[in-house]
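Me: I would like the labels on this model justified, value against cut-off. Please keep it short.

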Amino acid sequence: MTRGRGYALLGVVVAAIMALSTAIYIGVASDDGTRNRTALGDGRVPHNSAAPASTGTWVGTWSTSPAAAEPGTETTGMADRSVRNVVHTSVGGTSARVTLSNLYGQAPLNITRASIAVSAGSGTAAALADTMRQLTFGGGPSVVIPPGRQVMSDAVRVVVPHDSDVLVTTYTPTSSGPVTYHPHARQTSYVAQGDHAQDTTGTPYTEQSVYWRYLTALDVLSNESDGTIVALGDSLTDGITSTSGANNRWTDVLSDRLRAQIAAGRDLPRYSVVNQGISGNRVLTDGLGRPADNPSALNRFQRDVLERPNVKVVVIDLGVNDILRNPRLADPNAILDGLRTLVGQAHARGVKVVGATLMPFHGHRGYTDAREAVRQTINAEIRAGKVYDAVADFDKALRDPYDPRRLRPDYDSGDHLHPSDKGYTRMAESFDLETLKGSAPAEL
């Protein structure tokens, strides 16, 4: 072999290695770290505005936890129907992507069309026409999500404002069995017969829904935020007694307050806030079924907290249901051990943990003096700094000064467990924004 031909052969080998390395890099990068990503489109790769045109940080602007299989959908699912979920943003961005879940499905979920748009206003299925975008998955317009899995869409260029409603619509022609849903949305969404995923008028959407179906996350490429705060909780975080459509869960108010304080010049982290509350949720115990309805915090922490994009802080408000729903007297040490396990998992990922004290529930049908003693034991450990990195003392903020076992009357929704709108606002107002600074300690 001549020297010239040897150099040529060497050049071919080097080029092949570089091409292979590039392919591997692109394949890994396109997955974006999403463990369960599955994109099985129809093979077509249309011209797509998926590649972000601007720089920024990927953060969660809205999310919810898949909570259960929707009753009554076992046979027909949402076959030949367009589901238009209405969600409210925390921060804005210049590109967006969504996560869809078939966690509780028993057959592949075939979504043949999906879209995203900014809502034309509050309480409507209509979209601002110039914001309507088709969503793609691996470059194609359709996706098949296996049972028990989730999928993240490609990024699409669209300006998403903060503190606004966004419409995310999916159409599926066939049934996948039980629909994965979040039952207590406190937000009106819409359903239409047939494929109307890209309709901007809202006219075909004649059915209203109080659920979020399939959709579990909306992320944005943001210049407004450098990270995500995840609120992990039960009905108190889910906002079950807040006014529907008013976005008055304590997490909504916290997001507004943080943004206002930053705009006023206060030195605070620029974070978005997402809500991973499930009504009835417990630290230790799953609900029934397989996969479990209402999975415990220990079960869902990886998915619902650590897999959120650029999560910096988790706020945990859990434990009341472990006390109230235990047929025997709950062991406070078991609950505390469960909470400390969550803290350890967060610290292993460099995530700071702010924990809430458990609010009073005297007057609720589940109240007993023995259960009150368990609550007080847990709160004493939390206040002593033996559980979390920092404390949000919701108990102190909302309790009745004349009877600390009860919620203050104007903060009580009437069931003596869940706050009123004024109570949810008070929770957010009592939250010390300075606790959001810094990162997780090396050792608690």
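What follows takes up ring pairs, burial, a charge over a ring, and pockets.

Reply: This is a predicted model, where local features need pLDDT of at least 70, side-chain atom pairs count only at pLDDT 80 or more, and totals for chains, interfaces and linings use all residues. Residues are numbered from 1 along each chain as its sequence is written, and side-chain values use heavy atoms, with hydrogens and water left out.

Me: Why is the pair of W62 and W212 called edge-to-face?

Reply: Rings of Phe, Tyr and Trp (its six-membered ring) pair if their centres lie within 6.5 Å; planes under 30 degrees apart are stacked, over 60 edge-to-face, the rest tilted. W62 and W212 are 5.1 Å apart, centre to centre, with 75 degrees between the planes. The search of the whole structure finds 4 aromatic pairs.

Me: What makes W62 and W212 a link between parts apart in sequence?

Reply: W62 lies in strand β1 (residues 57–63) and W212 in strand β15 (residues 212–213), so the pair ties together parts 150 residues apart in sequence. Strands here are DSSP runs of E, at least two residues, and helices are runs of H or I, at least four, numbered from the N terminus. Both W62 and W212 are buried.

Me: Why is the pair of Y181 and Y211 edge-to-face?

Reply: The ring centres of Y181 and Y211 are 4.8 Å apart and the planes stand at 85 degrees, so the pair earns that label. Y181 is in strand β12 (residues 180–182), while Y211 is in the loop between β14 (207–209) and β15.

Me: Is Y181 buried or exposed, and why?

Reply: Buried means under 20% relative accessible area, exposed over 50%, partly exposed in between (1.4 Å probe, protein chains only). Y181 has 9% relative accessibility, so Y181 counts as buried. Y211, at 26%, counts as partly exposed.

Me: How do you know that the charged end of R97 sits over the ring of W58?

Reply: The rule asks for NZ of Lys or CZ of Arg within 6 Å of the ring centre and within 35 degrees of the ring normal. The charged end of R97 is 4.2 Å from the centre of the W58 ring.

Me: Which residues of the lining of the second largest pocket are closest to its centre?

Reply: They are W62, H88, R249, T251 and D252, out of 24 that line this pocket. α3 gives the most to that lining, with 5 residues.

Definitions and conventions. On a 1 Å grid over the protein atoms alone, a cavity is a set of points where a 1.4 Å probe fits but cannot get out, and a pocket is an open set with protein on both sides within 12 Å along at least five of seven lines; lining residues have an atom within 4 Å of a point.
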